[in-house]
Amino acid sequence: MRVVYYSNKEVQEIAFPHKKYHKYKDRTQFLTYYFSGGANIMKSSVLSQTGLFPENFFYGMEEYDLCYRILDCGYTIGYDGSITLEHKESPSGRHANHQKLRMQWINKSKVAWRYLPFIYFLSTFVLWSFQYLRNAPTHLGLFFKSWLELVRIPVTEKRRPIKPATRKYLSKVEARLWF
């Protein structure tokens, strides 16, 4: 669904369900590859088949994990801009920005490892490293701590590669897989 800021009713671009925002922003409906965690509606039977959000993701990217499982079960994910959610954010946020960025980096890397071909795990790992350094350059200790956690992902996380049909769907809807 469409997510707007509660305070000014402007579209919350970060919650828009496609990374090609400028290409899709004026479309009222389209198929996509992920949704924002608080801005979705689905049948409970889908969750019975796929399971819930991953419990070991404290913050960020849990939607991607669930969405890949949903897509791999043969479902599609559709956006309907006629349904609007007003998002009332806390001014202070839940975590400091560098902590959120770290959790997103680790969790997105876990998702890439679990479901996508190995090259996407590597590209996610490396490109999010640069993203972290660009946005949190004063937190190098946490950067190196994160790298230690990231290199263990192939040992700690089970791979569950998505089906070729799911990869084809991701290509068709122009999913961003590299990071």
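When the angle between two helix axes is over 145 degrees, the helices count as roughly antiparallel. Keep that cut-off in your pocket as we walk through this structure, which is a predicted model.

Let's start with a pair of helices. Two packed helices are described by the angle between their axes and the distance between the axes. Helix H5 covers residues 118-135 and helix H6 covers residues 140-151, and these two pack at an angle of about 170 degrees. Their axes are 11 Å apart. With the cut-off in hand, you can see why H5 and H6 are called roughly antiparallel to each other.

So which residues in H5 and H6 meet? On the H5 side you'll find Phe121, Phe125, Ser129, Tyr132 and Leu133. Facing them from H6 are Leu140, Leu142, Phe143, Trp147, Leu150 and Val151. Sorted by class, the contact of H5 with H6 has 10 nonpolar residues, 1 polar residue and no charged ones.

H5 has another partner to look at: H4. The axes of H4 and H5 come within 8 Å and cross at roughly 170 degrees. By the cut-off we began with, that makes H4 roughly antiparallel to H5. H4 brings His98, Leu101, Arg102, Gln104, Trp105, Lys108, Ser109, Ala112 and Trp113 to the contact. H5 answers with a list that includes Phe118, Phe121, Thr124, Trp128, Gln131 and Asn135. How does the contact of H4 with H5 split up by class, in nonpolar, polar and charged residues? There are 10 nonpolar, 7 polar and 2 charged residues.

Let's zoom in on a couple of H4 residues. Arg102 is found in helix H4, and at 14% relative accessibility it counts as buried, because buried means under 20%. Leaving out residues up to four places away in sequence, Arg102 touches Tyr132, Leu142, Lys145, Ser146 and Glu149. His98 also lies in helix H4, and with a relative accessible area of 18% His98 is buried. With the same neighbours in sequence left out, His98 touches Tyr132, Ala136, His139 and Leu142. Here's a nice one to find on the screen: His98 and Thr138 are 40 residues apart along the chain, and their C-alpha atoms are separated by 9.2 Å.

Now for the aromatic rings. The model has 19 aromatic pairs. Take Tyr68 and Tyr115: their ring centres are 5.9 Å apart and their planes sit at 65 degrees, so the pair is edge-to-face. Tyr68 is in helix H3 (residues 62-72) and Tyr115 is in helix H4 (residues 97-115), so this pair ties together parts that are 47 residues apart in sequence. Are these two tyrosines buried or exposed? Tyr68 has 1% relative accessibility and counts as buried, and Tyr115, at 3%, counts as buried too.

Tyr68 has other neighbours worth finding. Not counting residues up to four places away in sequence, Tyr68 touches Val111, Tyr115, Leu116, Ile162, Leu170 and Leu177. One of these, Ile162, is 94 residues away from Tyr68 along the chain, with 7.3 Å between the two C-alpha atoms.

Some of the rings join up into a group. Ring pairs link Trp105, Trp113, Phe118, Phe121, Phe125, Tyr132, Phe143, Phe144 and Trp147 into a cluster. You've already met some of these names: Phe121, Phe125 and Tyr132 are among the H5 residues that meet H6, and Trp105 and Trp113 are among the H4 residues that contact H5.

Rings can have charged company as well. The charged end of Arg176 sits over the ring of Phe179, 3.8 Å from its centre. Likewise, the charged end of Lys9 sits over the ring of Tyr6, 4.6 Å from its centre.

Lys9 has a backbone feature to check too. Its place is in the loop between strand S1 (2-5) and helix H1 (21-24). Phi of Lys9 is near 65 degrees, a positive value in a residue other than glycine. Met61 also has a positive phi, near 75 degrees, and Met61 is placed in the loop between helix H2 (44-50) and H3. How do these two residues stand on accessibility? Lys9 counts as partly exposed at 41% relative accessibility, whereas Met61 counts as buried at 11%.

Key. Residues are numbered from 1 along each chain as its sequence is written. This is a predicted model: local features need pLDDT of at least 70, side-chain atom pairs count only at pLDDT 80 or more; totals for chains, interfaces and linings use all residues. Side-chain values use heavy atoms; hydrogens and water are left out. Axes are lines fitted to C-alpha atoms, for helices over the stretch in contact, and angles run from 0 to 180 degrees between N-to-C directions. Helices (H or I, at least four residues) and strands (E, at least two) are DSSP runs, numbered from the N terminus. Angles under 35 degrees count as roughly parallel, over 145 as roughly antiparallel, 65 to 115 as roughly perpendicular and the rest as oblique. Contact means heavy atoms within 4.5 Å. Ala, Val, Leu, Ile, Met, Phe, Trp, Tyr, Cys and Pro count as nonpolar, Asp, Glu, Lys and Arg as charged, and the others, Gly among them, as polar. Rings of Phe, Tyr and Trp (its six-membered ring) pair if their centres lie within 6.5 Å; planes under 30 degrees apart count as stacked, over 60 as edge-to-face and the rest as tilted. Buried means under 20% relative accessible area, exposed over 50%, partly exposed in between (1.4 Å probe, protein chains only). A charge sits over a ring if NZ of Lys or CZ of Arg is within 6 Å of the ring centre and within 35 degrees of the ring normal.
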